[in-house]
Amino acid sequence: MSEPKPPTPTPGDTYKGWLFKWTNYIKGYQRRWFVLSNGLLSYYRTQAEMGHTCRGTINLATANIAVEDSCNFVISNGGAQTYHLKANSEVERQRWITALELAKAKAVRMQAESDDSGDDCPAVPPTSGQGGGCRNSEVQSTLRTLNSKVEDLTTCNDLIVKHGSALQRSLSELEGIRVGGDMGEKIRQVTERATLFRITSNAMINACRDFLSLAQNHSKRWQKALHGERDQRIRLEETLEQLAKQHNHLERAFRGATVLPSSFSNPALGNKGGVSGKGDASDEDDDNEFFDAMEDPAEFITVPADPKYHRRSGSNVSGFSSETGMDDQSFDELSLASNPESPHPLELEPVRQRRTRIPDKPNYYLNLWSIMKNCIGKELSKIPMPVNFNEPLSMLQRLSEDLEYYELLDKAAKCQSSLEQMCYVAAFTVSSYSTTVHRTGKPFNPLLGETFELDRLSECGYRSLCEQVSHHPPAAAHHAISEKGWTLRQEITLASKFRGKYLSIMPLGSIQCLFDKSDNHYSWKKVTTTVHNIIVGKLWIDQSGEIDVVNHKTGDRCHLKFAPYSYFSRDVPRKVTGVVTDKDGKAHYVLSGTWDEKMEFSRIMQSSKGENGTEGKQRTVYQTLKAKEIWTKNPLPEGAENMYFFSSLALTLNEPEEGVAPTDSRRRPDQRLMEDGRWDEANAEKQRLEEKQRITRREREREAVKAASSPEEAVTEDSINDSPLKTDAVETGIEANEVSDESAHQDNYQAMWFEKIDDPVSGETLHVYKGGYWEAKEQGSWDACPDIF
């Protein structure tokens, strides 16, 4: 019964198609044939009824059009007529909304013109096929009339010139004639020519008056028509813009839900409340089959648990912290982070006031071609990229932003159950992406040996240190420790691929979180970040992929899935779902939400195998208690759109501080100049730093050659230049000006504050903090730090 998709509606077209119309609570939605023409929306049971029986018509000029969800919309004229309609898909619904909005705008405009001049166009709408004929014929008729008036003016002008010249000659002859017999004849000729000139002049005056009157009569109507066309164009532009953002405003009430409630599968019973009589039921006599437009099912479904689980008493508190007694505890009655051993809050010391603003981002125009043409014929590693593409933060500072929601790890440290703790660690994993939703600027690639400290010990109870431990491939090591009993360490190497319209950034490496009290050791990896519209259009960022958070001590696991954005998907944009399981694979918690807004989790009380999906997979049905919010995004500070969309924490990361290491990112001059809005000076300083880094690399290479014990081990500069590493740099998409052949001697560089080890728990190799930084800061002893700036 599916019909071919109609073309995208254009102004003046008659739009037709099948829609489902709500009839009553017995029959629900019924399939009807709808026709949109000349500002009127009519519907029929079948296409065959179009010639004799119309079941209902609504005038769009006075109608209100409202969207309910991805497929449903409502049309009402404020009176007795209200149509609740449903399309087969969101795309088809959007086509109908676009056609209805265009038809409504046109009907309103034609009604206004009809009120101003009733004789210009008949009050009754024209027949099908004559949508814009009235106005077109009116314009053509007016243009023909004006053309004829212009031709009359031209003719009168020619006659005036002709008779004026003849009159001038006659007057000249009259001056030279002698008084005599010819006098009367000449006077008669002059009188005739003067009369012709007067007649022609009067005709010219009348033609000008007619032209002016006609122009004045039509100027108001033309001006109104021009305004109408302009409004229609603006409306079309807004509609196109809304198409790209449609998913951001749909189903906000259901955000975070894993699947729609079961009542949605039956439109006759779902979300109609106690309102009766939605639509006209008198004409609904047949029993047409209803087809609901649903996407591919999810891997699992959550449904409300049996009410008996909500009536547990508080006597089970003792079993809440144990692995064996978790199924007997009511999740609604206790917080996950409850801990009777939590210390009493201490008196807070006065903390430093951090800045809340940075200079607004300058509105500099960037000509991409002016950059590209200067790169022709140059070696890839010598191409400078301007700071116009950057934001005034380094990659080390961006890495430290993962700690913005450190409270999640504080709460996790208090949990007595590893499964509860896993929920908070998973939420922390998702929260690290919330700062990227509007951040399309590229952070500065750190120089080799560059560091960044984030000391929030007195304010938040933690401090962290980052160091750039490798330059090709670029790798940064991060270590954070908290007084609340957790340690976070990570080593991230970025690889990227440019795929034409978008750029994929793939973080390689691992993140580990250790808790002192329980000795739980968690590890996970990051998902792929995609930057869209690299060449044309507005940049936007998406996160997609899967994360497995593993507790190496207990075997617990949380599988998180970041759904990629799709215009054709009916799901919530930026959706994240996850299931927490124990070492035996038994599910205990379900997490759901979005990586840019919030996350919720629900306690699983019972699970069972459900129906098969579209690919033959059997989906699991989880009976869960009421979902509780575990994390929500902090609002952006006021004016963030003018400050690179920085969060409150990000605004403080580059704030100058006394006592930091000379290699700290806050001391980087090009980054500081960019933050101050001096971008031309920042570009020059950036090139100076890059050239200085190349010189340092060459010196290190010469020292490596001298230290070689045999000719076979010596590495010449020519052999380095012939290395395939440059090809790797092109393939991975690393910023060209910061790609070097340094990795040929990468083992010769030793990180200042980190050392590479093989982790016996996770089996991974990574750089870990070896100590000494905070002691050096207390003593002010930075002599061993390299001079990189």
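Which residues have the most contacts inside the largest nonpolar core? In this predicted model, that core has 66 residues, and the ones with the most contacts inside it are W486 and W524. Helix α8, which spans residues 418-431, supplies the largest share of this core, namely nine residues. A second core, separate from this one, has 20 residues, and L60, I65, F73 and L85 are among them.

Before looking further into the core, it helps to have the whole protein in view. The protein contains 14 helices and 26 strands, and of its 789 residues 46% are buried. If one takes the contacts between residues at least 6 apart in sequence, 62% of them join residues at least 24 apart. The accessible surface comes to about 40,300 Å², and carbon and sulfur atoms account for 52% of that area.

We can now return to W524 and look at its surroundings. Leaving aside residues up to four places away in sequence, W524 touches V425, F428 and T429, and also L488, S510, I511, C513, I547, D548 and V549. Of these, V425 and F428 carry numbers that fall within residues 418-431, the range of helix α8.

The other residue named at the start, W486, leads to the aromatic rings, which form 21 pairs in the structure. One of these pairs joins W486 to Y462: the ring centres are 6.4 Å apart and the planes meet at 35°, so the pair is described as tilted. Because Y462 belongs to strand β12 (residues 462-471) while W486 belongs to strand β14 (residues 486-498), this pair ties together parts that are 24 residues apart in sequence. Both partners are buried, Y462 with a relative accessible area of 2% and W486 with 0%.

A further aromatic pair, made by F515 and Y522, has an edge-to-face arrangement, with 5.7 Å from centre to centre and 90° between the planes. Here too the two residues are buried, since the relative accessible area is 2% for F515 and 0% for Y522. Elsewhere, ring pairs link W753, Y773, W774 and W782 into a cluster.

Aromatic rings in this model also have charged groups placed over them. One example involves a member of the cluster just described, W774, because the charged end of R463 sits over the ring of W774 at 4.5 Å from its centre. In another example, K526 lies over the face of Y433, at 5.2 Å from the ring centre.

The cysteines complete the picture. How many disulfides does the count come to? The count comes to zero, and two cysteines show how far apart the sulfur atoms are. For C415, the closest cysteine sulfur is that of C423, at 8.2 Å, which is too far for a bond, given that a disulfide needs the two sulfur atoms within 2.5 Å. For C558, the nearest cysteine sulfur again belongs to C423, this time 7.0 Å away, and C558 is in no disulfide. Both C415 and C558 are buried, C415 with a relative accessible area of 9% and C558 with 0%.

How values were computed:
Residues are numbered from 1 along each chain as its sequence is written. This is a predicted model: local features need pLDDT of at least 70, side-chain atom pairs count only at pLDDT 80 or more; totals for chains, interfaces and linings use all residues. Side-chain values use heavy atoms; hydrogens and water are left out. A nonpolar core is a set of buried Ala, Val, Leu, Ile, Met, Phe, Trp, Tyr and Cys residues joined through side-chain atoms within 4.5 Å. Buried means under 20% relative accessible area, exposed over 50%, partly exposed in between (1.4 Å probe, protein chains only). Helices (H or I, at least four residues) and strands (E, at least two) are DSSP runs, numbered from the N terminus. Contact means heavy atoms within 4.5 Å. Rings of Phe, Tyr and Trp (its six-membered ring) pair if their centres lie within 6.5 Å; planes under 30 degrees apart count as stacked, over 60 as edge-to-face and the rest as tilted. A charge sits over a ring if NZ of Lys or CZ of Arg is within 6 Å of the ring centre and within 35 degrees of the ring normal. Accessible areas come from the Shrake-Rupley method with a 1.4 Å probe; for residues, only the protein chains shown count as cover.
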